[in-house]
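Okay, thanks for making room for me today. I'll put the model up and then walk through what comes out of the coordinates.

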Amino acid sequence: MKVSFDIECTPQEARAFFGLPDLTPVHDLYLDKLKATITDGVTPADFEKMTRAWMPGIADGFEQWQKLFIAAIPKPPQ
């Protein structure tokens, strides 16, 4: 025997039914920050924060990656 139920509800109603938290304020803050980043662009300080977060195992994260990128640039023949 197979029994199925079709329940029509919004995602917000489903989250409330299952007791999940309402993350709408967090989502709105994230969207505001994302919009500001898109309109203002990424500042060097933001880029440094991102690289330090992505590479926590490196002591001087940003400086070492900068040296690696500079070293990877091919030098013109003399």
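So, burial to begin with: of the 78 residues in the protein, just 4% are buried, where buried means under 20% relative accessible area, exposed over 50%, and partly exposed in between, with a 1.4 Å probe and protein chains only. Quick housekeeping: this is a predicted model, so local features need pLDDT of at least 70 and side-chain atom pairs count only at pLDDT 80 or more, while totals for chains, interfaces and linings use all residues. Residues are numbered from 1 along each chain as its sequence is written, and side-chain values use heavy atoms, with hydrogens and water left out.

On confidence, the protein averages a pLDDT of 82, and 90% of its residues get to 70 or more; that's the predictor's own confidence per residue, from 0 to 100. Helix 1 has the highest mean of the elements, 90, and helix 3, residues 44-54, the lowest, 76.

The layout is α-α-α-α along the sequence, with 4 helices and 0 strands. Those are DSSP runs numbered from the N terminus: H or I of at least four residues for helices, E of at least two for strands.

Now the surface. About 7,700 Å² is exposed, and 66% of that comes from carbon and sulfur atoms, by Shrake-Rupley with a 1.4 Å probe, and for residues only the protein chains shown count as cover. M1, V3, F5 and I7 make a nonpolar surface patch, together about 640 Å² of accessible area. For a patch, residues need over 30% relative accessible area and no salt bridge; nonpolar side chains (Val, Leu, Ile, Met, Phe, Trp, Tyr) are joined within 5 Å, like charges within 9 Å. A salt bridge here is a Lys or Arg side-chain nitrogen within 4 Å of an Asp or Glu carboxyl oxygen. F5 sits in the segment before helix 1 (11-18) and counts as exposed at 71% relative accessibility.

And helix 1, buried or exposed? Of its 8 residues, 0 are buried, so helix 1 lies largely in the open. Right after it, G19 has a positive phi of about 80°.

There's 1 aromatic pair in the structure. It's F17 with F18, edge-to-face, 5.2 Å centre to centre and 80° between the planes. The criteria: Phe, Tyr or Trp rings (six-membered ring for Trp) with centres within 6.5 Å; under 30 degrees is stacked, over 60 edge-to-face, the rest tilted. F17 is exposed at 69%, and F18 is exposed too, at 63%.

Last bit: G41 follows helix 2, with a positive phi near 85°.
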